[in-house]
4 protein chains.
Amino acid sequence: MKTGRLEAFSDGVLAIVITIMVLEMKAPEDTTFKGLLSVAPIFISYLLSFIYLGVYWNNHHHLMQVTQKVNGKILWANLHLLFWLSLIPFTTSWIGEQSHHTVALPVATYGFVLLMCAIAYFILERVLIAYHDENFALNKLCKSTIKDYISVGIYIISIPLAFVNTWLSIACYVLVALIWLMPDKQLEDLMEDM
Amino acid sequence: MKTGRLEAFSDGVLAIVITIMVLEMKAPEDTTFKGLLSVAPIFISYLLSFIYLGVYWNNHHHLMQVTQKVNGKILWANLHLLFWLSLIPFTTSWIGEQSHHTVALPVATYGFVLLMCAIAYFILERVLIAYHDENFALNKLCKSTIKDYISVGIYIISIPLAFVNTWLSIACYVLVALIWLMPDKQLEDLMEDM
Amino acid sequence: MKTGRLEAFSDGVLAIVITIMVLEMKAPEDTTFKGLLSVAPIFISYLLSFIYLGVYWNNHHHLMQVTQKVNGKILWANLHLLFWLSLIPFTTSWIGEQSHHTVALPVATYGFVLLMCAIAYFILERVLIAYHDENFALNKLCKSTIKDYISVGIYIISIPLAFVNTWLSIACYVLVALIWLMPDKQLEDLMEDM
Amino acid sequence: MKTGRLEAFSDGVLAIVITIMVLEMKAPEDTTFKGLLSVAPIFISYLLSFIYLGVYWNNHHHLMQVTQKVNGKILWANLHLLFWLSLIPFTTSWIGEQSHHTVALPVATYGFVLLMCAIAYFILERVLIAYHDENFALNKLCKSTIKDYISVGIYIISIPLAFVNTWLSIACYVLVALIWLMPDKQLEDLMEDM
């Protein structure tokens with residue numbers, strides 16, 4: 001099987017997930033600056049989730065570029081990833097409402113879903129490597145998965161941290177987003193030659 | 001006609017159907033574990049429907065891989081399938097709300113829509129076979145449609161069963177999902193060679 | 001310019017338009033058959049609109065198959081068509097709510113939007129013909145646009161008719177849908193050879 | 001990297017953004033002409049935003065036609081553009097509600113988001129030019145970016161203008177839309193030869 005339709009379907013789901021979040025930003029009744037400021041928490045949580053989904057889309061894009069073929073297991077590993085990503089609008093809207101960014105459970109749940117996304121992505125990578133031979137470009141790329149381990153580590157810390165101080169957790173999520181926004185030179189160079 | 005745009009449109013509809021279901025999971029007002037637990041029924045019904053739609057996407061993907069050409073009849077058989085699949089978010093949200101998973105009609109309606117999806121998929125397969133010659137790969141694949149018959153059989157039983165005990169019906173739906181999640185060795189091997 | 005991305009974008013918009021209509025079918029509070037029956041009007045209006053959008057997708061698909069190139073004018077003629085099609089969920093939900101199918105204005109508005117879609121499709125056809133040379137397959141196809149004229153004629157009658165009796169208008173809309181569901185032999189044969 | 005999937009994802013997001021705006025047009029309770037007129041402000045703001053998004057889709061389409069390759073920077077410049085475009089449904093619904101088109105802040109916010117979209121598009125162009133050599137078709141096209149400068153200029157004026165008279169701002173937004181709807185002969189000719 002070719003990767004074409006897997007990419008098209010994943011693009012479709014990611015495009016929808018990234019876009020429907022904005023539906024949660026209801027136009028405020030109050031038309032003063034105070035009214036506009038009232039949507040700030042949901043706006044900021046939208047921005048953060050947009051960056052996360054952008055990172056996943058970019059990484060998924062890179063992953064599929066080096067993938068030559070897919071099987072049923074890979075289709076399901078991909079759907080598993082899409083399932084957790086599809087929960088991001090829910091946690092984003094929970095964290096963004098009222099002053100829920102100061103309440104432990106919504107903040108911890110946001111981190112939990114991010115952790116599950118990272119694990120699902122990791123599984124997808126393993127299943128892809130298992131299906132390809134040893135010349136598979138992903139084998140080399142995996143030396144650069146140090147980012148994956150750091151992210152997972154930070155998520156695991158950030159979840160209990162939410163019950164201490166939610167701002168510490170949120171700082172962790174922002175930190176992971178920044179780590180991923182930094183260009184991955186090694187990956188890029190390899191992509192260049194394609 | 002080529003299958004390209006049929007696949008693209010089906011992917012689009014399926015991607016939206018699978019994703020908009022999550023919009024029904026409203027962020028709870030209550031930010032305690034009890035509040036989070038209150039979305040459990042809709043979460044579980046979402047998970048089940050996600051798996052069903054994933055199965056349909058996978059099967060549709062396989063079906064289109066062996067299809068060489070389409071005509072007007074096939075376009076409509078495909079739209080007919082998409083129509084029933086598009087009703088899954090409605091039945092998912094009905095079954096998931098409050099404690100509707102213990103009420104006969106929502107549970108039976110959920111099964112009825114699944115039954116209609118299975119019938120629509122069956123019709124699509126027949127129309128595809130009728131349009132291709134006898135060397136068509138789908139002819140061979142159809143020996144493996146034993147899963148189709150079992151599924152339809154279980155759906156037919158599960159609908160009246162909902163009026164006896166809804167948990168029996170739900171067990172049926174979970175059973176069918178599990179049957180389809182099991183890898184279809186025969187199909188996979190054939191796909192491999194493509 | 002190639003038609004590829006025009007088709008992809010149109011598929012995207014049509015897939016969303018056809019799917020978001022189902023979001024209007026809110027799960028009823030009442031879990032008896034009476035509750036289920038309460039969604040019947042919106043279900044039937046959804047079904048009718050689904051068929052109309054299916055017809056437009058099919059026709060658009062056929063149109064693009066014979067199109068070799070597009071220019072800016074065609075892109076805008078296409079967006080103009082998508083604009084009117086995107087209003088169908090609005091009129092569908094207006095006609096489907098409560099007993100609005102017996103009220104003149106929602107029924108007439110439904111017809112008006114269908115009329116504008118037909119006119120927009122007609123404009124798209126003309127713009128396409130003007131941009132291609134005389135061997136363009138669409139020139140031949142246009143002998144079969146008798147369906148277009150009949151549809152527009154029926155729409156024009158059905159709009160004032162809604163102020164007499166809404167059921168007469170609705171019968172008109174169903175009639176047009178049936179006309180389009182009938183296979184267009186001439187078109188199909190031509191497509192076959194492609 | 002090829003541009004294929006970048007286009008597919010952008011098409012997906014734009015198709016959703018352009019379509020979900022119509023969800024804000026709630027079917028009015030009142031089924032008289034007065035009821036229908038009550039949705040006029042949201043309808044007109046939808047129409048204006050539809051044209052803007054159509055212009056962006058068209059321009060993005062042209063831009064990607066001349067683009068041969070993309071890198072990580074371009075992926076993020078594109079996501080940055082999609083982020084601002086995804087906020088258009090929010091500002092459209094804010095301006096369209098009740099009589100918010102006569103209130104300074106919603107009108108100014110609408111202009112601010114359009115300004116950010118224009119800046120994001122400008123950045124995307126620069127990043128694309130920087131990544132391609134000097135024979136890159138975009139270099140020539142950029143002589144025609146006079147439209148970009150005029151638009152940005154008008155936006156910058158229109159934002160403070162909203163605090164004087166909202167109708168002056170709205171006239172500015174309509175003016176920019178009209179400027180972009182005018183065919184760009186130079187661009188078209190170049191596209192023709194492709």
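Select D:His60 and show its neighbours. Beyond the residues up to four places away in sequence, D:His60 touches C:Arg5, D:Ser10, D:Asn78, D:Leu81, D:Tyr121 and D:Leu124. The model is predicted. D:His60 sits in helix H3 of chain D, residues 40-66. Is D:His60 buried or exposed? D:His60 has 2% relative accessibility, so it counts as buried.

**Along H3 of chain D**

Stay on the helix and pick D:Ser49. This residue is also part of helix H3 of chain D. D:Ser49 is buried, and its relative accessible area is 0%. Turn on contacts. Leaving out residues up to four places away in sequence, D:Ser49 touches D:Met21, D:Ile88, D:Thr92 and D:Tyr110. Now draw a distance from the C-alpha atom of D:Ser49 to that of D:Leu114. The two are 65 residues apart along the chain, and the C-alpha separation is 9.7 Å.

Next, select D:Tyr46. Helix H3 of chain D holds D:Tyr46 too. With 1% relative accessibility, D:Tyr46 counts as buried. Which residues are in contact with D:Tyr46, leaving aside its neighbours within four places in sequence? From chain C come C:Phe83, C:Ser86 and C:Leu87. From chain D come D:Ile18, D:Met21, D:Val22, D:Met25 and D:Thr92. Put a distance on D:Tyr46 and D:Met25. They are 21 residues apart along the chain, with C-alpha atoms separated by 8.6 Å.

D:Met21 and D:Thr92 deserve a label. They are among the residues that D:Ser49 touches, and D:Tyr46 is in contact with them as well.

**H1 of chain D**

Move to D:Ile16, in helix H1 of chain D. D:Ile16 counts as buried at 5% relative accessibility. Show chains A and C here. Neighbours within four places in sequence aside, D:Ile16 is in contact with A:Ala15, A:Ile16, A:Thr19 and C:Ile16. Then draw the C-alpha distance from D:Ile16 to D:Ser86. It comes to 8.9 Å, for residues 70 apart along the chain.

**H5 of chain D**

Select residues 88-96 of chain D, helix H5. How many of the nine residues of this helix are buried? Nine of the nine are, so H5 is largely enclosed by the rest of the structure. The buried residues run D:Ile88, D:Pro89, D:Phe90, D:Thr91, D:Thr92, D:Ser93, D:Trp94, D:Ile95 and D:Gly96. Two of these names are familiar from the last section but one: D:Ser49 touches D:Ile88 and D:Thr92.

Now bring up the cover. It includes helix H2 (33-37) of chain A. Chain D adds helix H1 (4-20), H3, helix H4 (72-86) and helix H6 (104-131). Step past the helix to D:Gln98, which follows H5(D) and has a positive phi, near 40°.

**Chain B: a histidine in a loop**

Switch to B:His101. It lies in the loop between helix H5 (88-96) and H6 of chain B. B:His101 has a relative accessible area of 19%, so it is buried, as the cut-off is under 20%. Apart from residues up to four places away in sequence, B:His101 touches B:Pro41, B:Ile95, B:Val107, B:Thr166, B:Trp167 and B:Ile170.

**Chain B: a cavity**

Turn on cavities. The structure holds four of 30 Å³ or more. Go to the second largest, with a volume of about 130 Å³. Select its lining: B:Tyr52, B:Val55, B:Tyr56, B:Asn59, B:Ala118, B:Tyr121, B:Phe122, B:Asp148, B:Ser151, B:Val152, B:Tyr155 and B:Trp180. Which elements give two or more residues to this lining? They are helix H3 (40-66), helix H6 (104-131) and helix H8 (146-161) of chain B. Colour the lining by type. Nine residues are nonpolar, two are polar and one is charged.

**Chain A, whole**

Finish by isolating chain A. Its secondary structure comes to 10 helices and zero strands. Of its 194 residues, 64% count as buried. Among chain A contacts with a separation of 6 or more, 79% join residues 24 or more positions apart. The accessible surface of chain A is about 7600 Å², and carbon and sulfur atoms hold 68% of it.

Now colour by record. The unreviewed UniProt entry places "transmembrane region" at residues 6-23, 35-55, 75-96, 103-124 and 154-181 of chain A. Select residues 6-23. This span is 83% helix and 0% strand, with end C-alpha atoms 26 Å apart. Then take residues 35-55. Here the chain is 90% helix and 0% strand, and the end C-alpha atoms lie 31 Å apart.

Technical notes. Residues numbered from 1 in each chain as written. Chains lettered and ligands numbered in written order. Predicted model: local features only at pLDDT ≥ 70, side-chain atom pairs only at ≥ 80, totals over all residues. Heavy atoms only, no water. UniProt positions renumbered as here; feature names shortened; annotations may be inferred. Helix = DSSP H or I, 4+ residues; strand = E, 2+ residues; numbered from the N terminus. Buried < 20%, exposed > 50% of the residue type's maximum accessible area, 1.4 Å probe, protein only. Contact = heavy atoms within 4.5 Å. Areas by Shrake-Rupley, 256 points an atom, 1.4 Å probe, with all protein chains shown as cover. 1 Å grid on protein atoms, 1.4 Å probe; cavity = no way out; pocket = protein on both sides within 12 Å on 5 of 7 lines; lining within 4 Å. Points joined across faces, edges and corners; volume = space filled by probe spheres on them. Nonpolar A, V, L, I, M, F, W, Y, C, P; charged D, E, K, R; others polar.
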